[in-house]
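Me: I am new to this structure and would like to learn how to read its features. Can we go through them one at a time?

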Amino acid sequence: MTSDVAISAPETAAANGHGDAHTTAGFGALTLGSIGVVYGDIGTSPLYAFREAVMAASGAEGLPTPAAVLGVLSLILWALIIVVTLKYVVILLRADNNGEGGTLALMALAQRAVGTRGTTIVLLGIISGALFYGDAVITPALSVLSAIEGMKDVTLHFEPYIVPLTVIILVGLFAVQSRGTARVAAFFGPIMCVWFAVIAIAAIHPIIEQPQVLFALNPLYAVSFMIHHGIIGFVTLGAVFLAVTGAEALYADLGHFGKRPIQTAWLFIVVPSLALNYLGQGALVLGDPGAIVSPFFQLFPQGFFRGCMVVLATAATVIASQAVITGAYSLTRQAIQLGLLPRFEIRHTSEAHSGQIFIPRINQLLLVAVVLLVLLFRSSSALASAYGISVTGTMVVTAMMGFVVIWKVWRWSPFTAAALIAPFLFLDLTFLAANLLKVFEGGWVPLALGALMIILMYTWRRGSRLLFEKSRKLEFPLADLVAMLEKRPPQRVPGTAVFLTSDPLSAPTALMHSLKHYKVLHEKNVILTIETAQTPRIDPAERVKLEQISPTFSKVTLKFGFMESPNVPKALAIARKLGWQFDIMSTSFFLSRRALKPAAHSGMPRWQDRLFISLSRSANDATDYFQIPSGRVVEVGTQVTI
């Protein structure tokens with residue numbers, strides 16, 4: 001069963017960030033908050049990125065050579081400079097959609113710029129959104145597992161308990177999601193500040209002991225490594241990319257913290273700490289090649305201090321996981337708003353911040369997928385192979401849409417825009433190609449998850465379009481029906497009837513069935529359409545559009561941003577200022593609920609028909625989604641073939 005109340009959405013997708021206003025908080029508080037939320041993922045990359053890259057560079061030789069260590073270090077440091085600092089911090093943070101960032105907000109911006117010709121951009125948005133779900137599954141599994149593995153460096157007796165403890169922590173993390181993240185998030189910034197300070201300080205002594213490690217700051221070492229190592233150098237690039245995973249979060253959380261705090265945190269705290277730590281790990285391995293087994297934790301003295309570092313690393317990885325889980329909720333809400341996914345139950349966990357939400361079904365699916373990954377791969381090294389593809393894929397899409405925005409929105413010449421973006425796109429494609437070499441080692445996981453989400457999103461969008469077109473052919477023009485009813489009105493009953501529809505030009509199915517079965521008409525009748533804008537939020541003054549089409553009929557259009565949850569009664573209360581005396585207690589909402597059946601010829605393959613029908617049955621009730629009081633709703637059933 002599905003309701004015919006659809007959201008009239010533009011062909012865009014939405015940002016993965018949070019959109020709470022960031023002008024009221026202090027600059028220092030926003031900078032601290034960005035360190036906690038934005039940089040959790042990239043901040044915990046030193047746990048595994050350097051180790052995996054150097055081991056890949058060592059190939060069959062086993063122990064790393066100084067040339068391999070310096071080459072990998074140079075690649076990591078320059079990846080942080082070019083990919084994160086230049087591409088994201090300097091350029092893309094300027095490409096905001098009404099203050100919101102993220103690859104899908106960028107897509108909405110690009111779609112608006114090219115208009116009706118943006119089908120390819122919509123497809124790119126669906127791909128990047130689908131790949132993000134792969135990232136949301138792998139990040140918690142890899143991050144927490146890599147932190148807990150540090151206990152092996154404290155005592156080898158702990159090894160059998162690594163996987164069970166990781167699963168327990170992850171189950172606990174997903175279990176507390178329903179309580180909201182506001183209280184926990186208050187500790188994120190300070191904990192991550194301590195984390196960045198500790199990983200930087202611990203690296204200073206090894207660097208003093210092995211000062212030659214500073215040669216890695218010369219990019220020629222990176223170039224020389226790639227030239228002289230052939231295919232091994234290319235494979236190493238896939239592991240080097242682990243150092244910049246989480247860069248998308250810089251852009252995605254633009255709306256929550258603002259450009260300046262994110263840039264300040266990166267330039268003055270995060271990147272210096274990361275660079276020092278990677279140099280420290282490199283210095284340690286130059287002095288003792290055997291330390292490559294666990295270079296991060298061996299920066300800390302054996303015993304109490306190393307045990308404390310494992311605890312701090314676990315806290316940091318939980319924070320990194322929390323940010324990506326919250327991002328998955330936000331992305332899902334935006335995909336629902338834009339007609340890419342069916343309606344799911346959305347719970348608001350904060351009265352003050354609309355961005356803090358909890359989606360039970362997504363939470364359950366993520367938990368199952370994350371635990372399965374941990375049990376399947378059982379080590380962070382095995383999982384690292386699965387990590388890069390989803391993130392590199394998203395970065396490639398971001399670069400492509402960035403070109404469109406720079407060309408069409410910033411109004412640069414296409415040649416200048418291409419000259420700016422081409423080096424970044426080339427680098428992203430190189431990283432993607434390097435990661436694709438790991439498909440059979442685990443890279444199939446994000447590809448499979450992404451493919452599944454692409455199929456689901458495309459099927460829902462295509463099926464909804466076909467259903468809309470079919471319904472429009474069967475429905476009666478609204479203007480003709482209103483003229484007939486005003487000329488020869490049926491018996492009137494007191495009160496107001498609101499008929500929800502996705503097509504304001506056709507008579508709603510619920511209205512037709514009401515006339516057919518009850519043979520009465522309310523004194524006031526409202527044809528209500530809900531639209532999703534291409535902007536993250538809508539000014540309350542522009543929320544409601546009221547149009548009188550006859551003495552007893554009016555059209556009301558409610559507009560919501562793609563990052564807002566629609567609240568119909570609250571929005572209709574605004575209509576009082578436009579002259580409509582809205583009283584929820586004397587108003588009935590009429591919705592039509594459709595039972596879908598597969599048609600012989602629908603425009604989609606039979607398996608896709610069945611998938612669309614299954615998705616529609618799983619959709620949350622329109623009454624709950626639009627926050628309409630259930631006691632004021634009348635549902636009328638009908639059967640439709642698709």
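Me: Let me start with a single side chain. Is Arg492 buried, partly exposed or exposed?

Reply: This is a predicted model, and the accessibility is computed from it. Buried means under 20% relative accessible area and exposed means over 50%. Arg492 has a relative accessible area of 28%, so Arg492 is partly exposed.

Me: With which side chain does Arg492 meet in a salt bridge?

Reply: Arg492 meets Glu486, at 3.9 Å from N to O. Glu486 is partly exposed, with a relative accessible area of 26%.

Me: How many salt bridges does the structure hold?

Reply: The structure holds five. One of them joins Lys87 to Asp428, with the closest N and O atoms 2.5 Å apart. This pair links distant parts of the chain, since Lys87 belongs to helix 4 (residues 66–91) and Asp428 to helix 17 (residues 414–436), 341 residues apart. Both Lys87 and Asp428 are buried. Another salt bridge is formed by the side chains of Glu345 and Arg347, at 2.9 Å from N to O. Here Glu345 is partly exposed at 34% relative accessibility, and Arg347 is partly exposed at 40%.

Me: How should I read confidence, and which element has the lowest mean pLDDT?

Reply: Where pLDDT is low, the predicted coordinates should not be read in detail. In this chain, strand 1 (residues 2–3) has the lowest mean pLDDT of the elements, 46, and helix 13 (residues 259–287) has the highest, 96. Over residues 1–24 pLDDT stays under 50, and the model has 114 contacts for them beyond four places in sequence. For the protein chain, the mean pLDDT is 86, and 93% of the residues reach 70 or more.

Me: Which residues form the nonpolar patch on the surface?

Reply: The patch consists of Ile201, Ile204, Ile208 and Leu276, which together have about 370 Å² of accessible area. Helix 9 (residues 182–209) gives the largest share, three residues. Leu276 has its place in helix 13 and is partly exposed, with a relative accessible area of 30%.

Me: What do the buried residues of helix 20 pack against?

Reply: Begin with the buried residues themselves: in helix 20 (residues 509–518) they are Thr509, Ala510, Leu511, His513, Ser514 and Leu515. They pack against helix 19 (478–487) and several strands, including strand 4 (491–500), strand 5 (520–532) and strand 7 (553–560). Strand 8 (587–597) and strand 9 (633–641) are also among their packing partners.

Me: How do strand 6 and strand 7 run, and how many bridges join them?

Reply: Strand 6 (residues 544–548) and strand 7 run antiparallel, and five bridges join them. The connection is a hairpin through four residues. Across the pair, Glu547 stands opposite Lys555 in strand 7.

Me: What is the phi of Arg411?

Reply: Most residues other than glycine have a negative phi. Arg411 has a positive value, near 65°. Arg411 lies in the loop between helix 16 (380–409) and helix 17, and is exposed, with a relative accessible area of 71%.

Me: Where is Gln627 found, and what is its phi?

Reply: Gln627 is in the loop between helix 23 (622–625) and strand 9. Its phi is positive, near 60°. The relative accessible area of Gln627 is 33%, so Gln627 is partly exposed. Lys519, just after helix 20, also takes a positive phi, of about 55°.

Note on methods. Residues numbered from 1 in each chain as written. Predicted model: local features only at pLDDT ≥ 70, side-chain atom pairs only at ≥ 80, totals over all residues. Heavy atoms only, no water. Buried < 20%, exposed > 50% of the residue type's maximum accessible area, 1.4 Å probe, protein only. Helix = DSSP H or I, 4+ residues; strand = E, 2+ residues; numbered from the N terminus. Contact = heavy atoms within 4.5 Å. pLDDT = per-residue confidence, 0-100. Pairing = 2+ DSSP bridges. Patch = residues over 30% accessible without salt bridge, like charges linked within 9 Å, V, L, I, M, F, W, Y side chains within 5 Å. Areas by Shrake-Rupley, 256 points an atom, 1.4 Å probe, with all protein chains shown as cover. Salt bridge = Lys/Arg side-chain N within 4 Å of Asp/Glu carboxyl O.
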